[in-house]
Amino acid sequence: MSTSTSGRGPSPRLRPLLDSVPAYVPGKPAASTGGPGWKLSSNESPYPPLPGVLEAVAAAAGRMHRYPDPHCTELTERLAEHLSVPSSHIALGTGSSGLLQQLLHISTDPGDDVVHAWRSFESYPIVTRLSGARPVEVPLTGDEAHDLDAMARAVTDRTRLVLVCTPNNPTGRALRRYALEPFLDRLPTDVMIVLDEAYAEFDNDPHRADGLELYRDRPNVVALRTFSKAYGLAGLRVGYAVAHEPVTDALRKVAVPFGVSTTAQSAAVASLDRRTELMERVGELVTERGRVHRALLEQGWTPPDSRANFVWLRLGRQTAAFAEHCLAAGATVRPYGQDGVRITIGERQANDAVLLAADRFRRRIPTAPPA
Ligand SMILES: *Cc1c(COP(=O)(O)O)cnc(C)c1O
């Protein structure tokens, strides 16, 4: 048999729209400079699994010859208790990325509009275009926050979905309740509004907009959360949406059957048991975020106030050079075109490596690889 990739005849006909959709660019792996190599490019948790989670996963792995519970019964019940919402208001998915695809699937037809801020989560325009809908990108304000007035004006009768990322990836700016609430109430009630709260746990502002409160008397609002970031389960793929029943029922309908594995379900349940340890870790990262932010300000940078586990530097045309410079110092950060660089808050040593690299970059000192 021929192993040639050209094969016989043309390749099958694919949807032409695929040519217009960029591939998702994941954060690069840790630097391989011979030094420690810090991966600060994907907003992952620097901590190992919470106590008890590895044991729960090991036990669950022994059942891998069986399909998982398709209803995620135990996890749903535990989450319902944890969040004080009815279990019928929860839909589980393969990370919030999986749920995002499902949300597009249940809300948009080809040609419909999806309104979101830009820059925001890189997946938004991708999943929107893949569903045949049209992304309507509303530029952030000058201080890197959602421009809610402009977003409200961008909503027309073609709009079926509005995506609001708070805290915003990659800029870290978060919305406060007094700002978001009038926006939600201003939009038509038949337009779905998704509050992507992947970093909610890191937002320690008492005035923060909380999707779990805001969705309750608004049947068009969906709170989207994940175990990938603060909980440190990025590799297991589990997230959840909280919304009223018509939405969660529809989400279950379009889910990949048995998508959330038994190991993921067990790890999430075990993680919910470790609230105290989780909040300790979140507290440490928030302290580190403050330290990094202040140090960058002292160096002369102007990072916006971040409520997530990363900081943002708008570097314009210096974006790629800065990312290369950090890489040479052993830290992989996340460059975005000619916009800026997102730096995940990691362990203290990793943050120190980035701060040193940032300082040297400002002073134009070339960085030698770490010893
Ligand atoms: C990381 C991230 C997600 C998705 O993470 P999953 O691992 O798919 O749960 C969703 N939204 C934003 C804004 C993110 O940064």
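Arg173 sits at 22% relative accessibility, so it counts as partly exposed. Keep in mind that this is a predicted model. What does Arg173 meet in a salt bridge? Its side chain meets that of Asp143, at 3.4 Å from N to O. The pair links distant parts of the chain, 30 residues apart. Arg173 is in the loop between S5 and helix H6, residues 177-186. Asp143 is in the loop between S4 and helix H5, residues 148-154. Asp143 is partly exposed too, with a relative accessible area of 47%.

How many salt bridges does a search of the whole structure find? The count is 27. Let me pick out two others.

Take Arg218 and Asp217. Their side chains meet in a salt bridge at 3.5 Å, N to O. Buried or exposed? Arg218 is buried, with a relative accessible area of 8%. Asp217 is exposed, at 61%.

Now Glu288 and Arg348. This salt bridge is 3.4 Å, N to O. Glu288 belongs to helix H10, residues 275-299, and Arg348 to helix H12, residues 348-362, so the pair ties together parts that are 60 residues apart in sequence. Glu288 has 10% relative accessibility, so it counts as buried; the cut-off is under 20%.

Some salt bridges share partners. They join Arg177, Glu181, Asp185, Glu213, Asp217 and Arg218 into one network. Asp217 and Arg218 are the pair from a moment ago.

On to the sheet. It is open, and it has 7 strands. What is the strand order? Read it as S2-S8-S7-S6-S5-S3-S4, with mixed pairing. Which strands are at the edges? They are S2, residues 90-93, and S4, residues 134-139. Each of these pairs on one side only. From one strand to the next, the twist averages 25°.

In general, strands of a sheet pair through backbone hydrogen bonds, either parallel or antiparallel. Here is one pair from this sheet. Strand S6, residues 192-196, and strand S7, residues 221-226, run parallel. They are joined by 4 bridges. Val194 has Val222 in S7 as its bridge partner.

Just before S7 comes a loop residue to look at. Asn220 lies in the loop between helix H7, residues 211-214, and S7. Why does Asn220 count as buried? Its relative accessible area is 10%, and buried means under 20%. What does Asn220 touch, leaving out residues up to four places away in sequence? The list is Pro188, Thr189, Val191, Met192 and Ile193. Met192 and Ile193 fall within the S6 range, residues 192-196.

Next, a helix against the sheet. Helix H4, residues 123-130, lies across S3, S4, S5 and S6. H4 runs at about 155° to S4. Leu130 is in helix H4. At 32% relative accessibility, Leu130 counts as partly exposed. Together with Leu14 and Leu18, Leu130 makes a nonpolar surface patch of about 260 Å².

Last residue: Gln102. Where is it? Gln102 is in helix H3, residues 95-107. Gln102 is buried, with a relative accessible area of 8%. Which residues is Gln102 in contact with, leaving aside neighbours within four places in sequence? They are Gly93, Leu251, Val254 and Ala255. Gly93 falls within edge strand S2, residues 90-93.

To recap the charged pairs: Arg173 meets Asp143, Arg218 meets Asp217, and Glu288 meets Arg348.

How values were computed: Residues are numbered from 1 along each chain as its sequence is written. This is a predicted model: local features need pLDDT of at least 70, side-chain atom pairs count only at pLDDT 80 or more; totals for chains, interfaces and linings use all residues. Side-chain values use heavy atoms; hydrogens and water are left out. Two strands pair if DSSP finds at least two bridges between them. Helices (H or I, at least four residues) and strands (E, at least two) are DSSP runs, numbered from the N terminus. Axes are lines fitted to C-alpha atoms, for helices over the stretch in contact, and angles run from 0 to 180 degrees between N-to-C directions. Contact means heavy atoms within 4.5 Å. Buried means under 20% relative accessible area, exposed over 50%, partly exposed in between (1.4 Å probe, protein chains only). Patches are made of residues with over 30% relative accessible area and no salt bridge: like charges are joined within 9 Å, nonpolar side chains (Val, Leu, Ile, Met, Phe, Trp, Tyr) within 5 Å. Accessible areas come from the Shrake-Rupley method with a 1.4 Å probe; for residues, only the protein chains shown count as cover. A salt bridge is a side-chain nitrogen of Lys or Arg within 4 Å of a carboxyl oxygen of Asp or Glu.
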